[in-house]
Amino acid sequence: MEESFTNAARPQDYCKSCAAKIVNDDAFCTTCGYPLKGTEKEQTRFIRHHAHAVTTAVDLNNKIRRAGNTLYYLSGVFMLIAIIIYCLDPNSPDILIAVLQLVILTGIFLALGSYSRKKPLASLVAGLCLYVIMQVIGMVNNPTNILSIWKIAIIVYLIIGIRSAVEIEKLKKDHNVT
Amino acid sequence: MITNDNREAAEKTCIKCGNAIASNKQFCGACGSRQLHSADAVVENKWSRIKQAGLFYGLFIVLCASSNFIDDFQTVRWSLFFEVALATTSVGFFTFNWTENNKLLTWPDFSFQKLCAYCALAVAASVFVHYSVGWLNFTMYSRQQENFTFLKGNILGEFLLIFFTAATPALFEELGFRGYLLQNLLKVADVAQALFVTSFLFAIIHMSFVSLFWLIPFAWLLGAVRLKENTLWYGVFMHFCFNLTACLFMLSGL
């Protein structure tokens, strides 16, 4: 937001809200919509709304990051389970298949966690669906499988992350914030 | 309002006051209104679209998990019930967004050579998958995995096998995933993300670890063909040829 002005460019040549250069006699900034020729009250109200949008964007970004971290957490949990079950019974005939399946899950969630930093919406939707499928399959053998505070928390975190990823796109378009 | 410097970039007018605005500007300099593009207007209901897609996929998860993992449902009658339920889900959601999906059922620029080429590609992919999955199954489980074992001894067994594994999935999975789901996600995310999500969700709904390595690229290929050709029909035929080849391998016992 803040920008130092050179002698060549006067302060009134720049938007007070987004610091974009004003190249003509516009009444509104064409980058952020700031009322350049509005009353002081209108300008203050705009700045307040824009500041609120920036705060909301920071909050949404944090939620998206936490949901992405959930994917990393799941990856770590599956790796840990693989190590534990292998150490408990390394000579069991089916142990390698079980460990291999857990290692595949570890890899998938690790890749989705990494992808969530670039494309949060796609990776969080994919991670949520995979996790829900695993829980539904688990419920076939044990209907109370899903009744765990951790499992519900993971699903809620991912859903909040997806919603935040959707909302931040709208916020970027409406208020031109990053 | 527009200077000589940027007059060349003035390619649009304000949606509210009609003032000329440079095409790269998001707000009108005269009235201050935000310039919504047609794509942005659709974006306003993104969250509703995601919830609708979630309902579609949730129904698929419940139906597929029930038919795959509950022993009591491993009968011809129950399999028919689940096929009808999955088909109804696909058709229902596809027709719910009929105005934006119906153009996918047309077949613009039909080319017989192109159809044959796509089908040949699908058959080649199926042959590769058959032998690689066979090797993987034997390596991991020391046996070949068998599907639809309940059809053995059934007088219509071969017909039902082709019906369950080749015909209905080709039509209704394409209608559901490359039709409804991909089209819906294209309104929510960019093309790369929509294609990735559709392919990934299609792969994991088959609920098989071994099959993931070929299902994701195959689903991606079907999605890419659907986007390139702007019709579902090439994908339906590719999917049918792929599944029919796998089916014939099963019947021949190779």
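# Notebook: a predicted two-chain model

**Entry 1. A loop residue in chain B.** I began with Asp109(B), which sits in the loop between α4 (98-101) and α5 of chain B. I note at once that the model is predicted. I looked up the backbone angle phi and found that Asp109(B) has a positive value of about 55°, although it is not a glycine. I recorded this since most residues other than glycine have a negative phi. I then asked whether Asp109(B) is buried or exposed. Asp109(B) counts as exposed because it has 8 C-beta neighbours inside 10 Å, and a residue with 12 or fewer is placed in that class.

**Entry 2. Another positive phi.** I next looked up Asn230(B), which is in the loop between α8 (212-229) and α9 (233-252) of chain B. Asn230(B) is a residue other than glycine, and its phi is positive, near 60°. I entered Asn230(B) as partly exposed because 13 other C-beta atoms lie within 10 Å.

**Entry 3. A residue in a helix of chain B.** I turned to Leu121(B), which belongs to helix α5 (residues 112-141) of chain B. Leu121(B) has 15 C-beta neighbours inside 10 Å, so I entered it as partly exposed. I then asked how many ångströms separate the C-alpha atoms of Leu121(B) and Cys241(B). The separation is 9.2 Å, while the two residues are 120 residues apart along the chain.

**Entry 4. Chain B as a whole.** I listed the secondary structure and found nine helices and two strands in chain B. Along the sequence the order is β-β-α-α-α-α-α-α-α-α-α. Chain B has 254 residues, of which 28% count as buried. I also looked at contacts between residues at least 6 apart in the sequence of chain B, and 60% of these join residues at least 24 apart.

**Entry 5. Confidence in chain B.** The mean pLDDT of chain B is 85, and 84% of its residues score at least 70. Which helix has the lowest confidence in chain B? I found that helix α1 (residues 38-43) of chain B is lowest, with a mean of 52, whereas helix α7 (residues 191-204) of chain B is highest, at 96. Over residues 1-8 of chain B the pLDDT stays under 50. For that stretch the model has 17 contacts beyond four places in sequence.

**Entry 6. Helix α1 of chain A.** I moved to chain A and to its helix α1, residues 40-88. This helix has 49 residues and reaches 72 Å from its first C-alpha to its last, close to the 72 Å expected at 1.5 Å a residue. I looked up its buried residues; among them are Phe46(A), Leu60(A), Ile64(A), Leu71(A) and Phe78(A). Gly68(A), Thr70(A) and Ser75(A) are also among the buried residues of α1(A). What covers these buried residues includes α2, α3 and α4 of chain A.

**Entry 7. How α1(A) and α4(A) cross.** Two packed helices are described by the angle between their axes and the distance between the axes. I therefore looked up both values. The axes of α1(A) and α4(A) come within 8 Å and cross at roughly 145°. The crossing of these helices is left-handed. The residues of this contact divide into 13 nonpolar, eight polar and three charged.

**Entry 8. A residue of α4(A).** I chose Ile149(A), which is found in helix α4 of chain A. Is Ile149(A) buried or exposed? I entered Ile149(A) as exposed because 7 C-beta neighbours lie inside 10 Å. The C-alpha atoms of Ile149(A) and Ala27(A) are separated by 54 Å, and the two residues are 122 residues apart along the chain.

**Entry 9. Confidence in chain A.** Chain A averages a pLDDT of 87, and 92% of its residues score at least 70. In chain A, confidence is lowest in α4(A), at a mean of 90, and highest in α3(A), at 94. Over residues 1-11 of chain A the pLDDT is below 50, and this stretch has seven contacts in the model beyond near neighbours in sequence.

**Entry 10. Where the chains meet.** Finally I looked up the contact between the chains: 35 residues of chain A are in contact with 36 residues of chain B. On the side of chain A that touches chain B, α2 (95-115), α3 (120-141) and α4 (149-175) of chain A each supply at least two residues. Helix α3(A) gives the most, with 11 residues. I sorted the residues on this side of chain A by type: 22 are nonpolar, six are polar and seven are charged. For the model I also noted an ipTM of 0.83 and a pTM of 0.84.

Note on methods:
Residues are numbered from 1 along each chain as its sequence is written. Chains are lettered from A and ligands numbered from 1 in the order in which they are written. This is a predicted model: local features need pLDDT of at least 70, side-chain atom pairs count only at pLDDT 80 or more; totals for chains, interfaces and linings use all residues. Two residues are in contact if their C-beta atoms, placed from the backbone, lie within 7 Å. Helices (H or I, at least four residues) and strands (E, at least two) are DSSP runs, numbered from the N terminus. Ala, Val, Leu, Ile, Met, Phe, Trp, Tyr, Cys and Pro count as nonpolar, Asp, Glu, Lys and Arg as charged, and the others, Gly among them, as polar. The expected span of a helix is 1.5 Å times one less than its number of residues. A residue is buried if 20 or more other C-beta atoms lie within 10 Å of its own, exposed if 12 or fewer, and partly exposed in between; C-beta atoms are placed from the backbone. pLDDT is the predictor's confidence in each residue, from 0 to 100. Axes are lines fitted to C-alpha atoms, for helices over the stretch in contact, and angles run from 0 to 180 degrees between N-to-C directions. A crossing is left-handed if the near helix is turned anticlockwise from the far one by less than a right angle, and right-handed if clockwise.
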